[in-house]
Amino acid sequence: MTGTVKRLVICGAAGRDFHDFNVVYRGDPAVRVVAFTAAQIPGIAERRYPPELAGSLYPDGIPIVEEAGLAALCEAETIDEVVFAYSDVTNDHVMRIGSTALAAGADFTLLGPRSTMLETSRPAIAVCAVRTGCGKSQTSRYIASELTRQGYRVATLRHPMPYGEPAKQAVQRFATLADIDAANCSLEEREEYEPHVEAGGTVFAGVDYARILEQAQAEADVVLWDGGNNDFSFIRAGLNLAIVDALRPARLDGHYPGSVVLETADLVVVNKVDAATPEQLRIVNDELDRLVPGTPRVMAASPVTLDDPAALAGARVLIVEDGPTITHGDMPYGAGYQAVRAVADAEIVDPRPFATPEIAAVFEKYPHIGPVLPAMGYGSAQVAALVRTINAADVDVVVAGTPIDLARVGDLRMPVVRAHYRYVDAGEPGLMHFVDEFLSRSAV
């Protein structure tokens with residue numbers, strides 16, 4: 001270590017990196033966080049983590065730079081330690097970053113649950129997954145709806161997505177669509193917040209999760225963590241769920257930190273069994289037998305319905321899917337494609353010929369994507385590019401497999417039919433058996 005103050009870089013994606021800083025490093029005078037690096041999310045580099053959130057040790061805030069410059073940064077700033085703090089990447093990717101840190105002479109650190117989880121004063125349930133797109137949000141909505149029906153007050157804490165101005169997003173509460181509009185949320189934020197709010201729930205999110213949790217607990221009997229990517233929870237939950245996608249049955253331990261989610265789960269939910277083949281179901285159960293043989297399992301379906309299937313009859317259709325599921329979630333398509341494929345005489349139109357340069361770059365980066373358009377919208381420019389791509393398409397109708405009301409995002413020239421998907425038990429005992437059992441042991 002150089003001098004008496006350890007010099008750190010935190011590698012992140014505007015989420016766990018900020019949380020880990022807040023709970024582990026923010027007030028520590030023995031540590032100097034020189035920079036955050038940015039990956040996965042476009043447009044978040046070249047900003048600063050603001051002094052209002054960074055604290056008194058950082059009167060100028062903390063710069064956020066591109067992860068591609070990590071090696072040079074370590075050398076120029078004599079970095080002692082690199083902390084890895086983002087999710088849904090291969091284990092190989094984590095060690096590539098680790099090798100860069102070690103080659104520069106720095107230590108390489110992964111902070112664990114004991115260091116980063118916040119204690120709760122209410123019974124807490126965490127819904128996490130081994131990969132992006134397994135069905136966390138629909139599972140969270142189902143639990144919240146069932147508990148609300150039973151008379152519990154539920155506060156849903158959403159994994160952070162502060163892609164705007166972090167100082168204005170320190171603590172956020174969304175109870176109406178107007179709240180979401182007023183916060184100028186990105187498409188990715190809307191995909192997560194809108195369905196909860198439309199179902200009558202309240203969502204808390206932001207940057208400073210100690211303050212967020214404090215506010216949520218004041219309003220709730222039960223705290224529900226709705227995870228992001230395949231990250232583990234920011235709060236210490238009494239019931240931990242790991243969602244597994246039956247359509248991606250192999251290598252359940254191949255992505256970081258999905259293995260942590262799976263191995264610390266109290267209950268595994270195997271989702272999308274209605275769409276999986278018998279072979280896929282065999283593989284996923286064999287994997288679970290190998291990795292977590294003693295953990296209870298729930299089988300779940302994810303049926304998809306269209307608002308107006310008649311509108312697709314004989315039509316040329318453009319499908320817009322949930323963004324992260326299709327991009328770094330590695331899925332070629334999602335719920336929208338499954339719904340349209342069931343309409344016999346609908347023609348699915350590939351969006352690539354109509355893509356703006358910004359959207360074409362997404363297809364180039366993620367060549368596995370099928371004939372669908374990922375709902376990219378991490379900022380206003382990307383949303384505008386998405387809308388231009390949709391409006392340029394030679395189609396009759398758009399099917400929105402994204403959870404949001406796409407018609408609210410921009411002025412689209414063609415009608416939009418929404419594809420909805422929800423959680424349904426596909427066996428006994430069902431999910432709420434375990435939730436009710438947990439709450440019966442808790443003081444609510």
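Biologist: Where should I begin with this chain, and how many helices and strands does its secondary structure come to?

Modeller: The protein chain has 16 helices and 23 strands. Keep in mind that this is a predicted model. Next, look at the overall packing: the radius of gyration is 22 Å, close to the 22 Å that the globule rule gives for 444 residues, so the chain is as compact as a globular protein of that length.

Biologist: What does the C-alpha trace span along its principal axes?

Modeller: About 70 × 55 × 45 Å. Set beside that the share of buried residues, which is 57% of the 444 in the chain. The surface that the chain exposes comes to about 17200 Å², and carbon and sulfur atoms supply 51% of that area.

Biologist: And what do the contacts say about sequence separation?

Modeller: Take the contacts between residues at least 6 apart in sequence: 78% of them join residues at least 24 apart. Charges can be read for the whole chain too. There are 37 positive and 59 negative ones, and their mean positions are 2 Å apart.

Biologist: Let's go to a sheet. In which order do the 6 strands of the open sheet come?

Modeller: The order is 3-4-2-1-5-7, with mixed pairing. Now find the edges, where a strand pairs on one side only: they are strand 3 (48-49) and strand 7 (107-110).

Biologist: How do I follow the pairing of strand 5 with strand 1 and strand 7?

Modeller: Go one pair at a time. Strand 1 (residues 6-12) runs parallel to strand 5, and 4 bridges join them; here Cys11 stands opposite Phe84. Strand 5 also runs parallel to strand 7, again through 4 bridges, with Val82 opposite Phe108.

Biologist: Are the faces of strand 5 covered or open?

Modeller: Both are covered. Glu81 and Val83 on one side are buried, and so are Val82 and Phe84 on the other.

Biologist: Elsewhere in the sheet, in which sense do strand 2 and strand 4 pair?

Modeller: Strand 2 (residues 31-38) and strand 4 (residues 62-66) pair in the parallel sense, over 3 bridges. You can pick out Thr37, whose bridge partner in strand 4 is Val65.

Biologist: Now a helix. How should I read burial along one?

Modeller: An α-helix has 3.6 residues a turn, so residues three or four places apart point the same way. In helix 1 (residues 16-25), 8 of the 10 residues are buried, so this helix is largely enclosed by the rest of the structure. Among the buried ones are Arg16, Asp17, Phe18, His19 and Asp20.

Biologist: Which residues does Arg190 touch, leaving out those up to four places away in sequence?

Modeller: Arg190 lies in helix 8 (residues 187-198) and is buried, with a relative accessible area of 9%. Its contacts are Ile180, Asp181, Cys185, Pro195, Ile404 and Arg408.

Biologist: What about a loop residue, such as Tyr58?

Modeller: Tyr58 sits in the loop between helix 2 (51-54) and strand 4. The cut-off for buried is under 20% relative accessible area, and Tyr58 has 1%, so this residue counts as buried.

Biologist: Which residues is Tyr58 in contact with, beyond its neighbours within four places in sequence?

Modeller: Phe21, Arg26, Val31, Arg32, Val33 and Pro51. Phe21 is one of the buried residues of helix 1. As for Arg32, this residue is 26 residues from Tyr58 in sequence, while their C-alpha atoms are 8.8 Å apart in space.

Conventions
Residues are numbered from 1 along each chain as its sequence is written. This is a predicted model: local features need pLDDT of at least 70, side-chain atom pairs count only at pLDDT 80 or more; totals for chains, interfaces and linings use all residues. Side-chain values use heavy atoms; hydrogens and water are left out. Helices (H or I, at least four residues) and strands (E, at least two) are DSSP runs, numbered from the N terminus. The radius of gyration is taken over C-alpha atoms; the globule rule is 2.2 Å times the number of residues to the power 0.38. Buried means under 20% relative accessible area, exposed over 50%, partly exposed in between (1.4 Å probe, protein chains only). Contact means heavy atoms within 4.5 Å. Accessible areas come from the Shrake-Rupley method with a 1.4 Å probe; for residues, only the protein chains shown count as cover. Lys and Arg count as positive and Asp and Glu as negative; His and the chain ends are not counted. The place of a charge is taken as NZ of Lys, CZ of Arg, CG of Asp or CD of Glu. Two strands pair if DSSP finds at least two bridges between them.
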